[in-house]
Amino acid sequence: MKIAVLANLKKNAPTWPGMQPDRWDDLDSEETIQAIVRALEAGGHQATFLEGNLTLVETLRQVQPDLCFNICEGHFGDGREAQVPALLEMMRIPYTGSRVLTLALALDKPMTKRVLAYHGLPTPPFQVFERLDEPLDPDLKFPLFVKPSREGTGMGVSAESIVQDEQQLRARLPNIFKRYNGPALVERFVEGREVTVGVVGNLVRPAARRVPGDEDAPRILEGLYFFPALEVDMSAYPPEEAGIYTSRIKVEMVHDFHYLCPAPLSDDLLADLQWWAAATFRVTDCLDVARIDFRLDASDGDKPYILEVNPLPGLNPGYSDLCVEAAADGWTYEELINEIVNLAAERYGLS
Ligand SMILES: Nc1ncnc2c1ncn2[C@@H]1O[C@H](COP(=O)(O)OP(=O)(O)OP(=O)(O)O)[C@@H](O)[C@H]1O
Ligand SMILES: [Mg+2]
């Protein structure tokens, strides 16, 4: 097939005076794009990179791809990860991965948590702050964790995100409002292990029903393939990171990544994580690939809490969590990338 790889490169991103230094931390490197292009070529496809901006209307008309491999994070707006897929749908061009609504939803963590909560899926209790003077929900118990509502790659996440009392909370909020120009998500701080579960596949329908609250109800997992869970080895990082998968670990220390994969989990706990991951994939309507991030509550027998779903998980072959998980399972990078293509091609009925 003729495949266009659509992404936003860090080096092509707009800049302006006074821009925050972490502004484009979630965009892709040339190294990642070259690896994807090479993997697609190894899979027998013709692959071209196109920058995911307004030039796409013209470049897509010129290239006329059969399919787009979409990993665009976008630049501006609350729904920025959904903009290129919306354009592709207007142009009637097939693309890999989740669709418009899922990408816009998953970028907004509070909105995603509302969907998860509706389905009874375990996500930490939370409150969204848009202004400094909003009263604190008396049901929320300290310590709390403060992060931006619509960012990724650990942006705005550091040891200072943990707040012990209302004074610390009120001191932290303006930093998030100003730096990330949007609401702050304040969650119960889940002290414990950090585990992420990568998935490829598509659920065999019917999967649109509400997730059963009954613990003994059959678990719908068919169609999904789970990579071994990855645990971030927090003991290997400086204590200043406070056991948090911080922006520093994800950006500055990325080439010195410490992890356990497969994560040392009991069979029962792993089965629960896979079920919560599948249920999250299902209720947020993910397609082809996703990574679901958890914290295990040490004070409650490692009870899993879903932090977020990433329908556009990082795909750097060297250090992205999903790629590390696939490699630990014996998959080559080429196999991972081409499996995502095959899953999308199958959905669209492409050869
Ligand atoms: N409620 C919480 N309790 C404890 N730690 C948390 C909580 N929320 C977030 N964290 C820590 O902050 C990290 C980043 O949070 P989260 O996954 O929500 O952000 P992100 O920037 O979107 O991450 P990603 O790089 O996966 O896109 C988590 O991996 C975890 O270490
Ligand atoms: Mg995360």
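**Asking how we know**

User: Leaving aside neighbours within four places in sequence, which residues is S247 in contact with?

Analyst: S247 touches T153, G154, M155, V157 and E252, once those neighbours are left out. Keep in mind that this is a predicted model. To count as a contact, heavy atoms have to be within 4.5 Å, and those five residues pass that test with S247.

User: What makes S247 buried?

Analyst: Buried means under 20% relative accessible area. S247 has 18%, so the word "buried" applies. This residue belongs to helix α7, which covers residues 247-252.

User: And why is K303 called partly exposed?

Analyst: The label sits between two cut-offs, under 20% for buried and over 50% for exposed. K303, with a relative accessible area of 31%, falls between them, so "partly exposed" is the right label. K303 is part of strand β13. Ignoring residues up to four places away in sequence, K303 touches P122, R295, L296 and D297.

User: How far apart are K303 and L273 in sequence and in space?

Analyst: They're 30 residues apart along the chain, and their C-alpha atoms are 9.7 Å apart.

User: What makes D293 and E308 protein donors of the magnesium ion?

Analyst: A donor here is an N, O or S atom within 2.8 Å of this metal. D293 uses OD and E308 uses OE, and they lie 1.9 to 2.1 Å from the magnesium ion (ligand 2), so both meet the cut-off. The two residues link distant parts of the chain: D293 is in strand β12 (residues 288-297), E308 is in strand β13 (residues 303-310), and 15 residues separate them. Both are buried, too.

User: Which residues of helix α2 are buried, and how do you know whether they share a side?

Analyst: In α2, residues 56-63, the buried ones are L56, L60 and V63. Around the axis they span an arc of only 70 degrees, which is why we can place them on the same side of α2. Here's the general idea: an α-helix has 3.6 residues a turn, so residues three or four places apart point the same way. The buried residues of α2 pack against β1 (2-7), β2 (46-51), β3 (67-70) and α3 (80-90). On the other side, R61 and Q62 are exposed.

User: How about helix α5: which residues are buried there, and what arc do they cover?

Analyst: Helix α5 (residues 109-118) has K109, P110, T112, K113 and L116 buried. Their arc is only 155 degrees around the axis, so they end up on the same side of α5. Among the elements that cover them are α4 (100-107), β4 (126-129), β5 (144-148) and α8 (267-283).

User: What is notable about the phi of Q64?

Analyst: Its phi is near 50 degrees, a positive value in a residue that isn't glycine. Most residues other than glycine have a negative phi. Q64 comes right after α2, in the loop between α2 and β3. With a relative accessible area of 57%, Q64 is over the 50% cut-off, so we call Q64 exposed. D302 is not a glycine either and has a positive phi of about 60 degrees. D302 is in the loop between β12 and β13.

User: How do you know which kind of peptide bond runs from F142 to P143?

Analyst: Look at omega: it is near -5 degrees, and the bond is cis. Most peptide bonds are trans. P143 is in the loop between β4 and β5. There's also a cis bond joining C261 and P262, with omega about 0 degrees. You'll find P262 in the loop between β11 (259-260) and α8.

User: What divides up the lining of the largest cavity: nonpolar, polar or charged residues?

Analyst: The lining has 8 nonpolar residues, 4 polar ones and no charged ones. Phe, Ile and Val count as nonpolar, so F69, I71 and V289 go in that group, while Gly counts as polar, so G97 goes in the other. The space inside comes to about 80 Å³, and a cavity, unlike a pocket, is space where a 1.4 Å probe fits but cannot get out.

Note on methods
Residues are numbered from 1 along each chain as its sequence is written. Chains are lettered from A and ligands numbered from 1 in the order in which they are written. This is a predicted model: local features need pLDDT of at least 70, side-chain atom pairs count only at pLDDT 80 or more; totals for chains, interfaces and linings use all residues. Side-chain values use heavy atoms; hydrogens and water are left out. Donors are N, O and S atoms within 2.8 Å of the metal (3.2 Å for Na, K and Ca); water is not among the atoms, so sites may look incomplete. Helices (H or I, at least four residues) and strands (E, at least two) are DSSP runs, numbered from the N terminus. Buried means under 20% relative accessible area, exposed over 50%, partly exposed in between (1.4 Å probe, protein chains only). The arc is that of the directions from the helix axis to the C-beta atoms. On a 1 Å grid over the protein atoms alone, a cavity is a set of points where a 1.4 Å probe fits but cannot get out, and a pocket is an open set with protein on both sides within 12 Å along at least five of seven lines; lining residues have an atom within 4 Å of a point. Grid points are joined across faces, edges and corners, and a volume is the space filled by probe spheres set on the points.
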